[in-house]
Amino acid sequence: MAVPAVAAAQTRPPNIVLILTDDQGWWDVGRNGNTAIETPAMDRLAAEGVSFQRFYASPVCAPTRASIMTGRYYLRTGIYNTRFGGDTLDANEITIAQLLQTRGYRTGLFGKWHLGHYRRFHPDRRAFHRWVGFTQGHVERYFHPDQLLDNGKPVKARGHLTDLFTDCAIDFVKDNRERPFFLYLAYNVPHSPNYVENRWTERYLKKGVPLEDAQIYGMLSHCDENIGRLLRTLDDQGLRDNTLVVFLSDNGGVSKYFKAGLRGQKASAYEGGIRVPCFLRWPGRIEPGTEDKSARAAMDLFPTIAEVAGVPMPKDRPIDGKSLLAPPPDRALFHIWDRFQPSLRSNWSITRGRHKLTRTELFDLEADPSEKVNLKAQQPEVAARLQREFETWLAEMTRGRRFEPAAIEVGRADDNPVELHPSWAIVPGTNVTWASPGGTPSKPEALPRSGASTVNYSFAGYDWDTIDSWRKPGDGAEWKLNVVAAGRYRVRFAYGCRASAAGGRWRLEVGRSVLEGVVLATPGRNVFQEFDVGELRLAAGLVIARISVTQERKEELMALNRIWLERIGR
Ligand SMILES: [Ca+2]
């Protein structure tokens, strides 16, 4: 697809609306051959613009979001995981919102960020004037959500997130109709947990779609209705013609009812894990009903949007994406996914032209789009060439990088008290990079163990994750902190502990400051209560916070859900 670029001298650059869905497969949209799902608004965007047939995202959420924001392969940007602090975009990355602000755009994000949980990494620190959303990989509740932030401040809301984010987006469009705006509407459907009003699900149960897929389709149809609402707003406000609308999903799907013959799903480097729907509409610039069969990628959106807005790209760093408005580049596309240290043992693939090499197989995507026939034995020279190209790329991506969480800032005035999340903890005695020999760990995800330690990290959702199963003296967990303001800190825990297990002694060391105490009973092991446990005096600087068991236990110390550090004085 080649269209004439907009002259940078144009007085008002076009608005940009970027709509992202979460875990919608290439096949989860009517336009791509799914006859069961009803997605008229998405289909209309495709019919009124260009539809990409081979559009690639990363196998999972945060990596794709990093590439969209920066135009770069995600491993360059600090992202290496979707949890454990590995979903943090480096502070020195340049986001597309930053570029657009230099051209006078108003920038808004409504939805899932997933590029930094702590304040320093929030969207308003990455050049979004306004954001309403959440920072982690998913929410526990779609209805009446309890994890929403408005420019970093917790807010309560009533209704379903898909409706709420659309309402915010529509208000943003109306409030900014007189100036160029960049709207990033990052829906979190149809990511689990599957919650939508029953009427949406029932529509698909009646068609014979199995329950889980009916819920996914229902969440997407509900989302589609909301996208329709937003598109009507653009029409009503007279903004349709001067607005580029981009629609895509962030990784492969998880539904199984219809898969368009693609192999694999979310988290896989097969086509089903990385091919996503992508449609662009720009009236008068993009020919309606265009189909583009070239291999394109989510990181291409950054240079595309920069070109449309007439903003120069950063010159001080490699930008891997290529504008979608230019003819298809001659390039390989690389995919890799590993929750810990990326390596040749990770789940990876390289695509160049018609060929695709995975860790163990070679495919001809033109003859075999379903990736059924392994050609590695027949075409060893092709496989070897792609292998070398992948190894060179991986070496470049990983050189000099440590794949570990960023330090949590403690003592910021705008994030006080600060929460220490169990998912950001490291279990001592293990490699701090959490190198995993076998790639993706099995569920439930556990941190690697050190020696005889039994400490466990249990993920039961971000609200309910815990550090537990600790019994031996020294068993514990660590966080890397950056104390930005020295002073007195109040320490608060949230944990669960059944009465018969109460009485264990804990020790919290933050640098040279130490606090000790006894675990009290709560109404149940999984019923968390909050306790003020004392005060610490902290010096400024980088430091390790470590909580541990001090005496041998028959029962676990507690199910630790949170630690808060609140600066209360000099
Ligand atoms: Ca996702």
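**Calcium site.** I started with the calcium ion in this predicted model. Its donors come from Asp22 (OD), Asp23 (OD), Cys61 (SG), Asp250 (OD), Asp250 (OD) and Asn251 (OD1), at 2.2 to 2.7 Å. What about the geometry around the calcium ion, given its six donor atoms? I get angles of 52 to 163 degrees, so I'm logging the arrangement as irregular. For reference, ideal octahedral angles are 90 or 180 degrees.

**Spacing.** Next I checked how the donor residues sit in sequence, and the pattern reads D-D-x37-C-x188-D-N. Cys61 and Asn251 tie together distant parts of the chain, being 190 residues apart. I find Cys61 in helix α2 (residues 61-70), while Asn251 is in the loop between β8 (243-249) and α7 (271-274). Buried or exposed, this pair of Cys61 and Asn251? Both are buried.

**Thr21.** I then looked at Thr21, which belongs to strand β1 (residues 15-21). Its relative accessibility is 0%, so I count Thr21 as buried. The Thr21 side chain makes a polar contact of 2.7 Å with that of Gln24. Beyond four places in sequence, I see Thr21 in contact with residues including Arg65, Tyr187, Cys223, Leu248 and the calcium donor Asp250.

**Cores.** Leu248 made me pull up the largest nonpolar core, which has 76 residues; Phe182 and Leu248 touch the most other members. Helix α9 (residues 380-398) gives this core its largest share, seven residues. Looking past four places in sequence, I list Leu18, Phe55, Ile68, Pro277 and Leu301 among the residues Leu248 touches. I also noted a second, separate core of 45 residues, with Val132, Ile227, Leu230 and Leu231 among them.

Notes:
Residues are numbered from 1 along each chain as its sequence is written. This is a predicted model: local features need pLDDT of at least 70, side-chain atom pairs count only at pLDDT 80 or more; totals for chains, interfaces and linings use all residues. Side-chain values use heavy atoms; hydrogens and water are left out. Donors are N, O and S atoms within 2.8 Å of the metal (3.2 Å for Na, K and Ca); water is not among the atoms, so sites may look incomplete. Four donors count as tetrahedral if all angles lie between 85 and 135 degrees; four count as square planar and six as octahedral if opposite donors are over 155 degrees apart and all others between 65 and 115; anything else is irregular. Helices (H or I, at least four residues) and strands (E, at least two) are DSSP runs, numbered from the N terminus. Buried means under 20% relative accessible area, exposed over 50%, partly exposed in between (1.4 Å probe, protein chains only). A polar contact is a pair of N or O atoms within 3.5 Å; within protein, one must be able to donate a hydrogen and the other to accept it, and residues adjacent in sequence count only if both atoms are side-chain atoms. Contact means heavy atoms within 4.5 Å. A nonpolar core is a set of buried Ala, Val, Leu, Ile, Met, Phe, Trp, Tyr and Cys residues joined through side-chain atoms within 4.5 Å.
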